[in-house]
Amino acid sequence: RLQSLARSTGNLLANRLMEIQVFRLVVSGRGARMGLGGTIFEDPSSFFRFREDEPDYGPILNMQRIFKSRARPPLSVAEDLLTKGILLHLQGPLPPDDSSADYAGFLRVAEELQAVELAPMPPRAAVAFLVNLHNALMLHTHYHRRTAPLESLKPLRRRLGAMHQYHIRGKRYSMDSIAEWLLRPRGGGAG
């Protein structure tokens, strides 16, 4: 009985991790099916790949832990994340120490983005959210890569914008995708 409880718990966890795109099914075996029974995870002919191991993408930086609480409004989270990121940068030395309480606070706010509700926002609020998100993601990319002071990123310039992402309500946001949205022409003339 304990073994079946552990297996069913593992299947539920694996289903949840697939839902939030931590990993995905690459090859499905014969007769494999998704669902609460989780038989797809027990089929030896099914193969899975972690999202971070995808050849065209880098890691999703806010998925180290699953955020289970109710998130604050999107603008508050993005502003808090950027503020904490800037304060880390000003404290030096870079990259921040993983055991730092300030860096742990930055990571907690980044994880909160998983649960942010991106309900329709006024256009200016959406732009403010995305600009703050873009800048926070740039800082987080440097912290994650352990970029040394004065290190040249020219060799990565073309790929850096798509290299790392945030997961927000089932969608992935990279610096490139955010910039593309911000630069997209909209009707109504200059504002």
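**Exercise 1. Methionine 18**

Task: State in which helix methionine 18 lies, and decide whether methionine 18 is buried or exposed.

Solution. Step 1: Methionine 18 belongs to helix α1, which covers residues 2–19. The structure examined here and in the following exercises is a predicted model.
Step 2: The relative accessible area of methionine 18 is 16%. Buried means under 20%, and therefore methionine 18 is buried.
Step 3: Phenylalanine 48 stands 30 residues away from methionine 18 along the chain, and the C-alpha atoms of the two are separated by 9.7 Å.

**Exercise 2. The chain as a whole**

Task: Describe the secondary structure of the chain and give the share of buried residues.

Solution. Step 1: The chain contains seven helices and four strands.
Step 2: Their order along the sequence is α-β-α-β-α-α-α-α-β-β-α.
Step 3: Of the 191 residues in the chain, 36% are buried.
Step 4: Consider the contacts between residues at least 6 apart in sequence; 65% of them join residues at least 24 apart.

**Exercise 3. The spans of two helices**

Task: Check whether the end-to-end distances of α5 and α4 agree or disagree with the expected spans.

Solution. Step 1: Helix α5 runs through residues 123–145 and has 23 residues; at 1.5 Å a residue it should span 33 Å.
Step 2: The end C-alpha atoms of α5 are 33 Å apart, so the two values agree.
Step 3: For α4, with 12 residues, the expected span is 16 Å. Its end C-alpha atoms are 17 Å apart, which agrees.
Step 4: In α4, the buried residues are Tyr103, Gly105, Phe106, Val109, Ala110, Glu111 and Glu112. These buried residues pack against α3, α5 and β3.

**Exercise 4. The packing of α3 and α5**

Task: Describe how helix α3 packs with α5, and name residues that meet in their contact.

Solution. Step 1: Two packed helices are described by the angle between their axes and the distance between the axes.
Step 2: For α3 (residues 74–91) and α5, the angle is about 35° and the axes are 9 Å apart. The crossing of α3 past α5 is left-handed.
Step 3: On the α3 side, the residues in contact include Leu75, Leu82 and His89; on the α5 side they include Phe129, Leu139 and Tyr143.
Step 4: Sorted by type, the residues of this contact are 14 nonpolar, four polar and one charged.
Step 5: Histidine 89, which lies in α3, has a relative accessible area of 41% and is therefore partly exposed. Apart from neighbours within four places in sequence, histidine 89 is in contact with Leu94, Leu139 and Tyr143. The C-alpha atoms of histidine 89 and tyrosine 143 are separated by 9.1 Å, while the two residues are 54 residues apart along the chain.

**Exercise 5. The largest nonpolar core**

Task: Identify the residues that touch the most other members of the largest nonpolar core, and state which element gives the most to this core.

Solution. Step 1: In soluble globular proteins, nonpolar side chains tend to be buried together.
Step 2: The largest nonpolar core has 30 residues, and those touching the most other members are Leu81, Phe106, Leu113, Phe129, Leu133, Tyr166 and Ile168.
Step 3: At least two residues of this core come from each of α3, α4 (101–112), α5, α6 (157–163), β3 (165–168) and α7 (175–183). The element giving the most is α5, with seven residues.
Step 4: Leucine 113 illustrates these contacts: leaving aside neighbours within four places in sequence, its partners include Val77, Leu81, Phe129, Leu133, Tyr166 and Ile168.

**Exercise 6. Two residues in and after α5**

Task: Establish whether threonine 141 and arginine 146 are buried or partly exposed.

Solution. Step 1: Threonine 141 lies in helix α5. Its relative accessibility is 0%, so threonine 141 counts as buried.
Step 2: Not counting residues up to four places away in sequence, threonine 141 touches Leu61, Leu160, His164 and Met175.
Step 3: Arginine 146 is found just after α5, in the loop between α5 and α6. Its relative accessibility is 35%, so arginine 146 counts as partly exposed.
Step 4: Although arginine 146 is not a glycine, it has a positive phi of about 60°.

Methods
Residues are numbered from 1 along each chain as its sequence is written. This is a predicted model: local features need pLDDT of at least 70, side-chain atom pairs count only at pLDDT 80 or more; totals for chains, interfaces and linings use all residues. Side-chain values use heavy atoms; hydrogens and water are left out. The expected span of a helix is 1.5 Å times one less than its number of residues. Axes are lines fitted to C-alpha atoms, for helices over the stretch in contact, and angles run from 0 to 180 degrees between N-to-C directions. A crossing is left-handed if the near helix is turned anticlockwise from the far one by less than a right angle, and right-handed if clockwise. Contact means heavy atoms within 4.5 Å. Ala, Val, Leu, Ile, Met, Phe, Trp, Tyr, Cys and Pro count as nonpolar, Asp, Glu, Lys and Arg as charged, and the others, Gly among them, as polar. A nonpolar core is a set of buried Ala, Val, Leu, Ile, Met, Phe, Trp, Tyr and Cys residues joined through side-chain atoms within 4.5 Å. Buried means under 20% relative accessible area, exposed over 50%, partly exposed in between (1.4 Å probe, protein chains only).
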